[in-house]
Amino acid sequence: MRTSRHTTHTTSATSATSALTTVRNLGILAHVDAGKTTVTERILFASGAVHKRGEVHDGTTVTDFDAQERDRGITIFAAAVSCDWAGHRINLIDTPGHVDFADEVERSLRVLDGAVAVFDAVAGVEPQSESVWRQADRYGVPRIAFVNKLDRAGADLDTAVASLRDRLGTVPLVAQLPIGREDGFTGLVDLVRMRALTWPAARDTYDTADVRDPDAVGDAGLRVEAERRRRLLEETAAELNPAALEEYCATGALSDGTLALALRQITLDGSGTVVLCGSAYRNRGVEPLLDAVVAYLPSPADLPPVRGLGPDGGEQERLPDPAGPVAALAFKVAVSATGRLTYLRVYSGTLRKGDTVLDTATGRTERVARILRVQADRHFELDEARAGEIVAVVGPKTARAGTTLCAPQAPLLLEPPTVADPVVSVAVEARRSADTGRLATALARLAEEDPSLVVRSDPETGQTVLSGMGELHLEVAVEKIRRDHGLEPAVGRPQVSYRETVVRGVSGLVHRHVKQDGGAGQFAHVVIDVEPLDAVSGAGEPGTEPEREQAFAFRSTVVGGRVPQEFVRAVEAGCRDALADGPLGGHPVTGLRVTLTDGATHAKDSSELAFRTAGRAALRAALRASVVALLEPVAEVVVTVPDDAVGAVLGDLAARRGRVTGSAGRSGTTAVTAVVPLAELFGYASRLRGRTQGRGTFTTRPAGLAPVPQAVATAVLAH
């Protein structure tokens, strides 16, 4: 939970805090095709940052500037833009909505103070919108909801709000009422100020009227419904906010000012979600959305001090004070033939052009040659960046996403964003031996820009393997190699990343490591138990988030000091080494607990190296003696098809080892939800088009790991 902080300031500090209160750092989050990029484009247009509205279908939007984004019509890379509204500076990041690029969202959320979650008024909460909502939950990011596309056939605000309540578990506070439905959607009622806002077809600006005034708003039904919804909003706000409850109990109602303040506090503490509505494509509801961003989402001054580790390993706090020591977190790196841009969120201090900063993780110092304000693919020079700002810098050569850059005299290590394990791999080779070096450089640059891409060499085949978060993720990466580097690599068939896990372990496995080859020798004696870990990565349950860290637990029950603590840590390190390749097919091992139960040392020959070697060998032997099963990544798939194609789609899902978990009818179409092995989804888009005459669509999101059936496992291991 994020809370406001109260402290005593000097005059200069008060001025700095005042400047901070006019800054909003927010992201736009959504499922693919919910209208997220159009919302961003209309925000830029409404605020005057651009003077012509761009369109996704025309490839003319500001934030989707990459050639692949324009060709595919989706957001692939997080793009930063800025605009001004009502005396406030809004730094905005348009994030991808496709599941394959969820790590771009993760890195952005790590540095954002708030977010606008965009939902389709017809579909409501969709799989990826739920995933990004959970990502925002992990980082405690306050957010407001914008129900978009109210002009579409079948759009319904109440149904969309119900899906927020049911699927996201939040308490929605609906602050607006649509005027008209579907094609007749012309405006909305602001329930906080009780104003009717209507957008005439020929204008970009809106007209305002007092909804309580019969002369201004002639529709009596609209006035009655607005009063009823205002009453519901007041009651919900009073339930969640003590100050609002006090006024509500005393007067039976809430003033506009009290209601607005309550909605802000509810947003900041995360106890509810303010819901707005509109149609970004029709330019209706965007200005009230900007007003809500300023009114309800936090500034850097509203948040607790950032926490990190000091040089002694102890936790330290840094206030967002421009006069303090510099501390900034890199969240994105863009490398091109013309240079290297490192995107930063400055948490404290003032970063100036020419400053020397410390990379806390490596201990290296870097010089900041230039500071840039980013407007998608355009950049504007700055002399300095103060606490609370998001900028790009030129100069640092080794910084990666997650790197802390700080003042050398005040080291601080900030928590980096987490990186998910890749789930799909392809072999990538140069078609000509002369291009091998260029391909290696291109792959290294890809991995530098995107930490969720992993490049490795297969020890058995010698092939270079590129791993990522999905089939589209790898397609985009390979196409980037083609376009940016002029190469035509040979690409193998996608392969999923399997895991191995312990089904039945062993107890009391003894391993003695003795090595004597002249001089000091090596001696380590360990006894371990191995057992399955209870919680393994969601086990493929739909709606669960996959583990972002390896599922492994280690503990020691050794008593009497038979194994010193430093050697216990060495045994754990050795066990972690052994997890890299399992006994079935050399796949990483997950989902087990290792207990060190006994051991022995030698006064002269025992060392951390000896116990690490013993731990590695002991666990490998224990895994060979255990019952081990193969796991595969699975995905929750939502397939939306016409009613007459449901039977064919269900049969195809069954053939792909899919497990149907639900279905829902909606205006002539059916949405089928199933959990399907990721390996069975390669090429599914073309198969679905064929079975539905091009009328079917599907979305996916990770759903963890699931056991592989014995027959399939045998074929996988044989291959």
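The second largest pocket of this predicted model encloses about 870 Å³ of space. Among the 40 residues of its lining, Ala334, Val335, Ser336, Glu449 and Lys480 are the closest to the centre. At least two lining residues each come from S2, strand S14 (327-336), strand S15 (339-348), S19, helix H11 (436-449) and helix H12 (471-485). H12 gives the largest share, seven residues. By class, 23 residues of this lining are nonpolar, six polar and eleven charged. (Ala, Val, Leu, Ile, Met, Phe, Trp, Tyr, Cys and Pro count as nonpolar, Asp, Glu, Lys and Arg as charged, and the others, Gly among them, as polar.) Pockets and cavities were found on a 1 Å grid over the protein atoms alone: a pocket is an open set of points with protein on both sides within 12 Å along at least five of seven lines, a cavity is a set where a 1.4 Å probe fits but cannot get out, and lining residues have an atom within 4 Å of a point. Volumes are the space filled by probe spheres set on the points, which are joined across faces, edges and corners. Helices (H or I, at least four residues) and strands (E, at least two) are DSSP runs numbered from the N terminus.

Four cavities of 30 Å³ or more are present, and the largest holds about 60 Å³. Its lining includes Tyr343 and Arg373. Strand S2 (79-85), strand S3 (88-94), strand S19 (370-375) and strand S22 (390-394) each contribute at least two residues to this lining, which comprises eight nonpolar, two polar and one charged residues.

Helix H9 (residues 256-269) packs against helix H10 (residues 286-296) at about 75 degrees, with the axes 9 Å apart. H9 is therefore roughly perpendicular to H10 (65 to 115 degrees; axes are lines fitted to C-alpha atoms over the stretch in contact, with angles from 0 to 180 degrees between N-to-C directions). Ala260, Leu263, Arg264, Thr267 and Leu268 of H9 meet Val294, Ala295 and Tyr296 of H10 (heavy atoms within 4.5 Å). Six of these contact residues are nonpolar, one is polar and one charged.

At the start of helix H8 (residues 242-251), a side-chain oxygen of asparagine 241 lies within 3.3 Å of the backbone nitrogen of alanine 243. Glycine 252, just after H8, has a positive phi of about 80 degrees.

Local features need pLDDT of at least 70 and side-chain atom pairs pLDDT 80 or more, whereas totals for chains, interfaces and linings use all residues. Residues are numbered from 1 along each chain as its sequence is written, and side-chain values use heavy atoms, with hydrogens and water left out.

Key. Parallel < 35°, antiparallel > 145°, perpendicular 65-115°, else oblique. Polar contact = N/O pair within 3.5 Å; in protein donor to acceptor, adjacent residues only side chain to side chain.
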